Structure formats: C-alpha cells, structure tokens
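Let's take a walk through this structure together, starting with the whole chain and then moving into its sheets, helices and cores. Please keep the viewer open as you read.

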Amino acid sequence: SGSSDPYCVVKVDNEVVARTATVWKSLNPFWGEEYTLLLPRGFHSLAVYVLDEDAIGQDDVIGKISLSHQQISAEPRGVDSWLSLVPVNPDQEVQGEIHLELRVPERGHPRVLRCHLIQARDLAPRDPSGTSDPFARVSCCGHASETAVIKKTRFPHWDEVLELELPDGELGEAVLSVEVWDWDIVGKNDFLGRVEFPLGALCPGPTRGWFQLLPFPGPTKDHGGQLGALRLAVRLEEDTVLPPHHYQPLIQLLTEPILCPSQPPEGTALAVLEEVTSGESRQDVATKLVKIFLGQGLAVPLLDYLTTHELARTTDPNTLFRSNSLASKLPCHPWQVVGLPYLHEVLQPAVNRIFEEKKYVELDPGKMELSRGRRISFKGSLSEAQVRESSLELLKGYLGDIVDAIMGSVDKCPLPMRVAFKQLRRRAEERFPSAQHEEVWYFSISGFLFLRFFAPAVLTPKLFGLREQHAEPRTGRTLLLLAK
C-alpha cells in the first residue's frame, strides 16, 4: 500500500524492556510515549528498533538506533535529536554472557594456554524453536579448538577445558578469541557473539568471570537517512539513595513554611528553590517536590501554599497560572497519581465510543476531504457546509457525554482533589474579591481540572492507560478537535 504499520522496541543490552503501540498506515508515525527504566549500573548500550507490524508472517525490521552507555552519559542534559536509522545486521545482533577461566603460563615447554569454558547464558535464539544449538570455539596464534554442541538451549553448560599451544618467547600482540556459534545441520552456522583477550594484558594466575559477548566489528557506514530517522529523547540519571534519616534535615527545611505559615515566604527554602531553578528543570523539581510532600501527607497544603503565593504575585487575573512557576507545574503530577482511576471511570465510556465509531469529523475547510461524505450519506459527496454541520453535531454529542460524565462524578472525585480545588477557589476569591472577577474564581480551577487533567487524556488516551493502542489518524483528529 506504500505505507507501513510501525512500532518501536527498546532493548537494553539486547534485552527487550519496552514496546510502543503500533501506528497504523503511516510513514511519519508519532508515538509520544515515555518510559522510565531502572537499569543496572554496568549496562553497555540502549537500542531502539523500528519494525513494521504484519498480520501474517514475521514483522519486518526497518532499522535501529544504538546508543552506548558512554554516549548517553556524556550528555548531562540528555540526547534529544533526530537520529538516522541504520540496517540491522544479524552478526551484530548478539546478546548474553559467557563464564570462563583462563590460565596463561609464564614459562614452560610446551607452553599451553588452558581455557575452561564453563557455561553461557541468555544467548540469542537463532532457531525457529526460539532456542539455539550453541558451541564455543577458542583460537589463538593459529591454533583453534571447539567444545561439544549443546542442543536446543540458550543457557548451555559445557564445563570443558580446551588447551592451545603457545609459541615460545614474548606473546607480543597475541589475542585469544572465544566465539560462540549456533550449530546448523543445513547451511552455515550462525554467529552468537565473541570476546577477546590480549594475552599480554592478562594477569599471572587464573582469570575467571562472566564476560559479555560482543558482535564482530563491522564497518561504520553512513546510510544517509535512507531508512528514515527517529526523534527520541534519552536521559540517564544516576542516583545514590541513602538511608531515610539522612534526608530528614532537608525534608524539615522544605516543609517548614507549610507547617509554620507565619514565616515570611521570601526567605523559605521553597522560595529560594523556585528562584534558582531554570525554566527547563522546573517541571522535574516540581515532580520531586510532590513526591516528597505526598510521602509526608502534605501534598494538598503544598498546593495551597504555592497557589496562594502565585495569586499574591498576580496583578492581572487573565494571566493567572500562566507563568512558568512551581505553582503552575505542580498540580499536574499529584492529580495523575491520585486521580487516574477517577479519570478512567469518567472518560472510558466516551473514549471507547469514539474509537469504535471511527466517524469522520473535520471543521477546518482546508483539511476537509469531501469524498469522505459517502461514508456519511448515500446521496454522494457532501458539501463543505454539510460536512461541517455533521462534524459539529458529532463533536457536540461526544462533548456532551464527557461533560455529563464529569458533572455527574462529583462524589467519585478523589477527596484530595476536591479539598485542593475548594481551597484554590477560596484563595482566588480572596485575591480578586470584586464581582467583576467572579469568573476568575472558577477559571483558576478549570485551568487545572480541564486543561491539565481531562483534556490531555482525551487528546492521547494511550498515554493515560485509557486505550492499549494510539488512535488511527481519523480518530486522532476527532480527539484533537474534542480536546480543543
């Protein structure tokens, strides 16, 4: 059809850790999905594979992007750019580790290197059964030896000692290569990975441990974006977590203005924190503050404190909560923590209906496809006015269902949200008491409740767990117009 059904798979050291939704019939997919992964400190690489989902047969691999640990950690603010996809070479797609022990004698005649191949784990599956038939090959200085083949496993246990005779004198640049292969009865064997040891760098005595299998070094070729490009943002955070008592002075300092409100706000830790954080890091700071105050049972007082001071700084009610402040960043996160089940209960029926009906909705004349009118009427193509009128009726119907569900859900709204919004309305009334500003008392609430809670979930239901897949383009356009 000239298009693809792309999705992404994220791997860390060749272990699959995440999969995006499939975007159907698109060569320019948008996912907008975010993952937080807890990684071992010694991880080597992160790779993102782009695949084309097929209803019949195996999915096609379009290309991949691979970032080493060093590349990611070298960018403190993270990697955020378009990166060209490169082809996937089977000889580069290795995984797993091998457990072995090496003994290189300093002298003796003959001089014999002993390599104890103990076992391997998590090897790549190369056979249709999802396993492999692995064997190991050891080579050095023109000599080679192989272990037995262990059938149908990705976790072979050889426990074999292979011996190779070494030349007399200095070993110089001699390298010991240990390769793992998948034995095939027909055709050539499949490569599973290798590890190399410069003999001159080995310590006297045995060298023993688990070693990561690496691919054959291949030429680095620039494919000039022929396979497309992927926009992604990756940031590595390495945190050291201490026992709880180490954090008590910090928690006491942060919560002091909440617990002792008589203190002037200018000199508090929260005020200083807001002053010194940059605009781009303020969301991260706000998120961590919410987690701290949720743990102390003080999330609602924190919101009240910050919104009160935001109101005090605001002179024009039309600009309320429009600044890049902690107060404007904070309310998004706690509601997504405590309000997600409520969000599902309110929006799920309406969102499911929109996805199931797949109606054509468009209000922009520049984007209308009037031939789609046949899907609406059997009388042939509709006029622009008819498409707009039909779309408007559909949007009103969907919006009516959502508004009715929200208005009828007061008793189901989580208590912390209700308390926080009640306080917010009261603070707005105290700051702008005149009758001409009465709407501001409610806009202060709707700016959070609708703009930052309900509308984003309507726009991208997948990101809030309301649907398992992203909307296809027509449904996505309906959701966009509905969110607006």
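The paragraphs below go from the overall picture to single residues.

A word on the source before we start: what you see is a predicted model. The protein chain contains 12 helices and 14 strands. Of its 484 residues, 40% are buried. If you look at contacts with a separation of 6 or more, 64% of them link residues 24 or more positions apart.

Let's begin close to the start of the chain. Here you can find an open sheet of 4 strands, with the order S2-S1-S3-S4 and antiparallel pairing. Its edges are strand S2 (15-19) and strand S4 (60-68), each of which pairs on one side only. On average, neighbouring strands of this sheet are turned by 25 degrees against each other, with direction ignored. Now zoom in on strand S1 (residues 6-12), which is joined to S2 by 4 bridges and runs antiparallel to it. To find the register, look for Val 12, which stands opposite Glu 15 in S2.

Further along the chain, strand S7 (111-121) makes a good next stop. Is S7 mostly covered or mostly open? The answer is covered, with 8 of its 11 residues buried. Strand S6 (residues 97-103) pairs with S7 in the antiparallel sense over 7 bridges, and Glu 101 stands opposite His 116 in S7. S7 also pairs with S10, again in the antiparallel sense, over 8 bridges. In that pairing, Arg 111 stands opposite Leu 166 in S10.

This region also holds two backbone details that you may want to look up on a Ramachandran plot. Asp 122 is not a glycine, yet it has a positive phi of about 55 degrees. Asp 122 sits in the loop between strand S7 (111-121) and strand S8 (134-140). With a relative accessibility of 29%, Asp 122 counts as partly exposed. Asp 159 likewise has a positive phi of about 55 degrees without being a glycine, but Asp 159 is found in strand S10 (residues 157-166). Its relative accessible area is 47%, so Asp 159 is partly exposed too.

Strand S8, which follows the loop of Asp 122, leads us to another sheet. This is an open sheet of 4 strands in the order S9-S8-S11-S12, with antiparallel pairing. Which strands form its edges? They are strand S9 (143-146) and strand S12 (190-198), each pairing on one side only. The twist in this sheet averages 15 degrees from one strand to the next. S8 and S9 run antiparallel and are joined by 4 bridges, and Ser 139 stands opposite Ala 144 in S9.

Now let's move to the helices. Helix H9 (residues 384-407) has 24 residues, and the distance from its first C-alpha to its last is 34 Å, close to the 34 Å expected at 1.5 Å a residue. Among the buried residues of H9 are Val 387, Leu 394, Tyr 398 and Ile 402. And what do the buried residues of H9 pack against? Their partners are helix H8 (340-357), helix H11 (438-459) and helix H12 (473-483).

Helix H12 is also home to Thr 475. Thr 475 is buried, because its relative accessible area is 2% and buried means under 20%. Leaving aside neighbours within four places in sequence, Thr 475 is in contact with Ile 354, Phe 355 and Lys 358.

Finally, we reach the nonpolar cores. In soluble globular proteins, nonpolar side chains tend to be buried together. The largest nonpolar core here has 51 residues, and those with the most contacts inside it are Leu 347 and Phe 454. H11 gives the most to this core, with 9 residues. The core lies between domain 3 (244-328) and domain 4 (332-368 + 383-483), because both give residues to it. Leaving aside neighbours within four places in sequence, Leu 347 is in contact with Ile 402, Phe 454, Ala 457, Val 458 and Leu 466. Apart from this core lies another, of 28 residues, among them Leu 113, Leu 162, Ala 174 and Phe 197.

Definitions and conventions:
Residues are numbered from 1 along each chain as its sequence is written. This is a predicted model: local features need pLDDT of at least 70, side-chain atom pairs count only at pLDDT 80 or more; totals for chains, interfaces and linings use all residues. Side-chain values use heavy atoms; hydrogens and water are left out. Helices (H or I, at least four residues) and strands (E, at least two) are DSSP runs, numbered from the N terminus. The expected span of a helix is 1.5 Å times one less than its number of residues. Buried means under 20% relative accessible area, exposed over 50%, partly exposed in between (1.4 Å probe, protein chains only). Contact means heavy atoms within 4.5 Å. Two strands pair if DSSP finds at least two bridges between them. Axes are lines fitted to C-alpha atoms, for helices over the stretch in contact, and angles run from 0 to 180 degrees between N-to-C directions. A nonpolar core is a set of buried Ala, Val, Leu, Ile, Met, Phe, Trp, Tyr and Cys residues joined through side-chain atoms within 4.5 Å. Domain bounds come from an automatic or database domain assignment.
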